[in-house]
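Hi,

Here is the structure I promised to pass on. Have a look at it first, and my notes on what I found follow right below.

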Amino acid sequence: MNKPKLIITGGSGLLGQYLNGILNEDYDILTFYRSNPANCLAFHHAQVDITDFARLLEVLREFRPEFVIHCAAVSNPNKADLLSSADVNRANVLATELIAKECEKLGAGMLYTSTDLVYAGYRGSYLKEDAKLVPLSLYAETKLMGEVKIKEVLGKFIIVRTPLQFGAGYNGTTNNFQEMVRRFVKGEKVKLFSDQFRTPLAVRESARIIKELLSKPVFGEVVNMGCSRRVSRVQLGELACASGGFSTNLIDSCVMDDAPGIIQVADVSLDISKLRSFGIEPEELEMMVDLEVKEIVKSING
């Protein structure tokens, strides 16, 4: 029996590389990379810059996927601020709209990775999908605009609002958690906010949840992804210290006001009741942290 055909954009990214591995067994995947192939070369792959619309359409029409997981984006808020708004809009909004329109023509479904940063971070804890949306960064604003474009043109969509992602990144990808653990290993202090709260999820767990969502009848839904526990950056650091045997004296607790210039998002912890209603239960945070710390330390020690 032929496997369903599935495209992964951003296949060389932090999440994309995990998706490549976990989806390849059950799907006929075509994974996209722009410049750094990362692990994409181990799978059916194509070099595609999503802002090259002619090339993007060419590959979509040639492969004719039954599903597209759209992860590619200008995904770092700080990087987005260094680019022109037009460039970020082209990557995060216009490319998303083009993919959604082509999916509609092909009869394909689309899963779009959005972000918890679209929410108003001052409205309290454990936000539901219908909570107030106030994106404070260009990155978050354009990701929300991508959501809007998808809803306008496509019937078969799933929008997942991803939380703070953490864990072992490979082949040139990294994240704040990984850098924190690397510094702990060196005995270096790390500044962490005590007044910013999220419901973080290990990136490999995000990939697993996305795979489960693909098997569910959940088209037309916006779904929060996250763990069941609301934690500050300091508390996440403390869990990492407990797992790795590091001293908590290496945590230099601070508040967001101590870092002038950052966009202050106090609390975008997510309610995951809808995710659970589909029969999907995230791993416990302590277990995810323990696994990721061990993987990162292992990679450091060779």
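Helix 1 is where I'd like to begin: its buried residues are Leu14, Leu15, Gly16, Gln17, Tyr18, Leu19, Asn20 and Leu23. That makes eight of the ten residues in this helix, which runs over residues 14-23, so the helix is mostly covered. Keep in mind throughout that this is a predicted model.

Leucine 15 is a good residue to click on in helix 1. Its relative accessibility is 12%, and because buried means under 20%, leucine 15 counts as buried. What does leucine 15 touch, once residues up to four places away in sequence are set aside? The list is Cys71, Thr113, Val203, Ser206, Ala207 and Ile210. There is also a long jump in sequence here: leucine 15 and arginine 204 are 189 residues apart along the chain, yet their C-alpha atoms are 7.4 Å apart in space.

Now the whole protein. It has ten helices and 13 strands. The radius of gyration is 19 Å, close to the 19 Å that the globule rule gives for 302 residues, so the protein is as compact as a globular protein of that length. If you want a feel for the dimensions, the C-alpha trace spans about 55 × 45 × 40 Å along its principal axes. Of the 302 residues, 53% are buried. The accessible surface comes to about 13300 Å², and carbon and sulfur atoms account for 49% of that.

Contacts that link distant parts of the chain turn up a lot. Taking contacts between residues at least 6 apart in sequence, 75% join residues at least 24 apart. Leucine 15 with its partners is one case, and here are two others that I looked at.

- Leucine 57 sits in helix 2, which covers residues 53-63. Beyond its neighbours up to four places away in sequence, leucine 57 touches Leu98 and Glu102. The C-alpha atoms of leucine 57 and glutamate 102 are separated by 7.7 Å, with the two positions 45 residues apart along the chain count.
- Glutamate 212 belongs to helix 7, residues 203-214. Its contacts, leaving aside neighbours within four places in sequence, are Gly279 and Ile280. Glutamate 212 and glycine 279 are 67 residues apart along the chain, and their C-alpha atoms are separated by 9.1 Å. At 24% relative accessibility, glutamate 212 counts as partly exposed.

On to charges. The protein carries 35 positive and 38 negative side chains, and the centres of the two sets lie 2 Å apart. Is glutamate 97 buried or exposed? With a relative accessible area of 16%, glutamate 97 is buried. You'll find glutamate 97 in helix 4, which takes in residues 85-106. It touches Lys149 and Val153, again not counting residues up to four places away in sequence.

You may well want to know about the cysteines. How many disulfides does the structure hold? Zero. A disulfide is a covalent bond between the sulfur atoms of two cysteines. For cysteine 103, the nearest cysteine sulfur is that of cysteine 71, and it is 13 Å away. A disulfide is counted when the two sulfur atoms are within 2.5 Å, so cysteine 103 is in none. Cysteine 103 is buried too, at 1% relative accessibility. Cysteine 241 is likewise in no disulfide, with the sulfur of cysteine 254 the nearest at 15 Å. Cysteine 241 has a relative accessible area of 1% and is buried.

Last, two spots in the backbone. Most residues other than glycine have a negative phi. Tyrosine 126 is not a glycine, but its phi is positive, at about 50°. Tyrosine 126 lies in the loop between strand 5 (109-115) and helix 5 (138-153), and it is partly exposed, with a relative accessible area of 37%. Asparagine 171 also has a positive phi, about 55°, without being a glycine. Look for asparagine 171 in the loop between strand 7 (165-166) and helix 6 (176-185). At 43% relative accessibility, asparagine 171 counts as partly exposed.

Cheers

Definitions and conventions
Residues numbered from 1 in each chain as written. Predicted model: local features only at pLDDT ≥ 70, side-chain atom pairs only at ≥ 80, totals over all residues. Heavy atoms only, no water. Helix = DSSP H or I, 4+ residues; strand = E, 2+ residues; numbered from the N terminus. Rg over C-alpha atoms; globule rule 2.2 N^0.38 Å. Buried < 20%, exposed > 50% of the residue type's maximum accessible area, 1.4 Å probe, protein only. Contact = heavy atoms within 4.5 Å. Areas by Shrake-Rupley, 256 points an atom, 1.4 Å probe, with all protein chains shown as cover. Lys, Arg positive; Asp, Glu negative; His and termini not counted. Charge placed at Lys NZ, Arg CZ, Asp CG, Glu CD.
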